[in-house]
Amino acid sequence: MDLFDYAAQQKKEKESPLAARLRPTTLEEVVGQSHIIGKDKLLYRAIKADKLSSVIFYGPPGTGKTTLAKVIANTTSAEFVQINATISGKKEMEGVVAGAKETLGMYQKRTILFVDEIHRFNKAQQDYLLPFVEDGTIILIGATTENPYFEVNGALLSRSSIFELQPLDKEDIKELIRRAVYDKEKGLGSYDGVIDEEALDFLADMAGGDARSALNGIELGIMTTERSSDGKIHITLDVAAECIQKRVVHYDKQGDNHYDTISAFIKSMRGSDPDAAVYYLAKMLAAGEDIKFIARRMMICASEDVGNADPMALNVAVSASLAVERVGMPEAQIILSQAVLYIACAPKSNAANNAIFAANASVRTKKTSVPPHLQDAHYKGAPDLGRGTGYKYAHDYPHHYVAQQYLPDEIINERFYEPSDNGYEQTIKKWFQQIKK
């Protein structure tokens with residue numbers, strides 16, 4: 001690197017976005033992801049010992065995939081080369097491999113190749129890397145926001161360790177925002193800014209685990225807000241909301257608003273009001289409510305309030321819960337909306353809910369024994385004891401039903417499940433009336 005290249009690099013680093021300037025250079029500076037880079041974890045030990053093998057970092061945007069690669073670059077004695085799969089092709093890879101062979105042969109130094117957005121490589125491009133990963137010419141670090149088990153060749157996967165990065169939690173995001181505001185060396189501390197606690201909470205909530213989003217917001221706030229009479233730049237809640245173009249929703253996730261809104265949400269679905277249900281969904285999402293929490297409440301409502309009046313409601317809610325975890329925001333709001341509207345519009349029954357509570361009460365208050373003909377007849381000596389004797393196999397009879405005692409003698413006349421006249425439970429009731437004539 002000559003003097004002009006050095007000057008250009010220094011200028012680039014100084015003028016680069018805040019998220020890039022704040023990027024850690026050591027493991028100790030990394031915030032979050034303790035499940036893979038805690039001091040007792042394999043990845044931490046491998047990086048510290050400079051014994052890293054090929055890895056793939058998988059996780060949502062802003063969770064630190066590139067950050068970890070840069071930390072490895074600063075820690076390792078190996079040559080480090082970075083390419084982006086969206087703009088690089090086979091020619092660039094051939095150059096990297098040729099350089100890696102030369103470095104290994106002349107200096108006995110390994111080469112680490114960091115491929116950002118590795119899922120963008122097609123099968124042929126991924127196949128090209130395989131023999132050089134296999135023989136140790138290069139150590140591959142791949143970063144992807146897509147599930148590598150679907151997007152990366154199986155042969156590359158089998159030669160790599162997969163590390164899944166999680167969205168940063170709120171406290172991690174708050175720590176990064178504080179660094180951004182007050183760090184004078186890498187952050188914006190020289191601007192003499194101050195961030196209010198409620199603005200800090202708001203930005204950390206709205207970031208949704210994405211550090212880059214939070215840092216971009218605070219950078220815009222510091223750079224565009226005029227100084228107050230005390231000479232400082234104050235980042236208030238209103239400034240924070242303006243910077244990320246999100247209206248402040250008065251909703252405290254630890255206070256009454258949280259419980260009131262989720263209560264209204266559930267009661268609206270139970271009450272078959274789709275407009276109110278989707279409104280409260282939107283309010284919770286705007287306030288940064290955890291989509292997994294919302295999905296859990298929907299699953300409960302689908303069983304507790306819809307039940308067998310529409311058995312598909314629970315399937316829809318469970319599918320939505322799995323989908324939103326895989327997709328994430330903002331698209332997850334569409335999935336949640338679809339499921340909420342289905343549950344709100346479904347016929348309602350709490351018969352399943354009543355049945356289990358009635359059965360629980362009976363179990364707690366009455367001692368019973370299983371009727372002999374229902375007992376296990378498969379172990380040695382069971383027939384001699386009368387176990388299973390007299391049992392009628394339902395499939396041997398018309399309609400696959402035969403009248404037979406199933407409840408214990410002590411509660412033989414009790415009834416726990418009473419199907420309603422709503423939705424599919426009408427069919428269940430008619431079926432029982434038909435076969436039990």
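Tutor: In this predicted model, a residue is called buried when its relative accessible area is under 20%, exposed when it is over 50%, and partly exposed in between.

Student: Why is Cys243 called buried?

Tutor: Cys243, a residue of helix H13, which spans residues 237-243, has a relative accessibility of 14%. The cut-off for the buried class is under 20%, so Cys243 counts as buried.

Student: How far apart are Cys243 and Gly38, in sequence and in space?

Tutor: Cys243 and Gly38 are 205 residues apart in sequence, and their C-alpha atoms are 33 Å apart in space.

Student: What makes Glu175 partly exposed, and where does Glu175 lie?

Tutor: Glu175 lies in helix H10, and its relative accessible area is 32%. Partly exposed is the class between the limits of 20% and 50%, and therefore Glu175 is placed there. The C-alpha atom of Glu175 is separated by 7.9 Å from that of Val31, although the two residues are 144 residues apart along the chain.

Student: How do you know that Lys48 forms a salt bridge with Glu28?

Tutor: A salt bridge requires a side-chain nitrogen of Lys or Arg within 4 Å of a carboxyl oxygen of Asp or Glu. For Lys48 and Glu28 the closest N and O atoms are 3.1 Å apart, so the pair satisfies the limit of 4 Å.

Student: Why can this pair be said to tie parts of the chain together?

Tutor: Lys48 lies in helix H4 (residues 42-48), while Glu28 lies in the loop between H2 and helix H3 (34-37), so the salt bridge ties together parts that are 20 residues apart in sequence. Both residues are partly exposed, Lys48 with a relative accessible area of 45% and Glu28 at 46% relative accessibility.

Student: What makes Glu29 and Lys186 a salt bridge, and which parts does the pair tie together?

Tutor: The closest N and O atoms of Glu29 and Lys186 are 3.6 Å apart, which again falls within the 4 Å that the term requires. Glu29 is in the loop between H2 and H3, and Lys186 is in the loop between H10 and strand E6 (193-195), so this pair ties together parts that are 157 residues apart in sequence. At 28% relative accessibility Glu29 counts as partly exposed, and Lys186 is partly exposed as well, with a relative accessible area of 23%.

Student: Is Glu414 buried or exposed, and how is Lys366 classed?

Tutor: The relative accessible area of Glu414 is 19%, and the limit for the buried class is under 20%, so Glu414 is buried. Lys366 has a relative accessible area of 39%, and is therefore partly exposed. These two residues form a salt bridge whose closest N and O atoms are 2.2 Å apart.

Student: How many salt bridges does a search of the whole structure find, and which residues are linked in a network?

Tutor: The search finds 18 salt bridges. Lys170, Glu171, Lys174, Glu197, Asp201 and Asp205 are linked in a network of such bridges.

Student: What is worth noting about phi in Asp50 and Gln108?

Tutor: Most residues other than glycine have a negative phi. Asp50, however, has a phi near 55°, a positive value, and phi of Gln108 is also near 55°. Asp50 lies in the loop between H4 and strand E1 (55-58) and is buried, with a relative accessible area of 19%. Gln108, in the loop between helix H6 (90-107) and strand E3 (111-116), has a relative accessible area of 59%, so Gln108 is exposed.

Student: What kind of peptide bond joins Met329 and Pro330?

Tutor: Most peptide bonds are trans. The bond that joins Met329 and Pro330 is cis, with omega at about 10°, and Pro330 lies in the loop between H17 and helix H18 (332-345).

Student: Why is Leu322 called partly exposed, and which surface patch does Leu322 help to make?

Tutor: Leu322 has 49% relative accessibility, and exposed would require over 50%, so Leu322 counts as partly exposed. Together with Leu314 and Val318, Leu322 makes a nonpolar surface patch of about 230 Å². Leu322 itself lies in helix H17, residues 312-327.

Technical notes. Residues are numbered from 1 along each chain as its sequence is written. This is a predicted model: local features need pLDDT of at least 70, side-chain atom pairs count only at pLDDT 80 or more; totals for chains, interfaces and linings use all residues. Side-chain values use heavy atoms; hydrogens and water are left out. Patches are made of residues with over 30% relative accessible area and no salt bridge: like charges are joined within 9 Å, nonpolar side chains (Val, Leu, Ile, Met, Phe, Trp, Tyr) within 5 Å. Accessible areas come from the Shrake-Rupley method with a 1.4 Å probe; for residues, only the protein chains shown count as cover. Helices (H or I, at least four residues) and strands (E, at least two) are DSSP runs, numbered from the N terminus. Buried means under 20% relative accessible area, exposed over 50%, partly exposed in between (1.4 Å probe, protein chains only).
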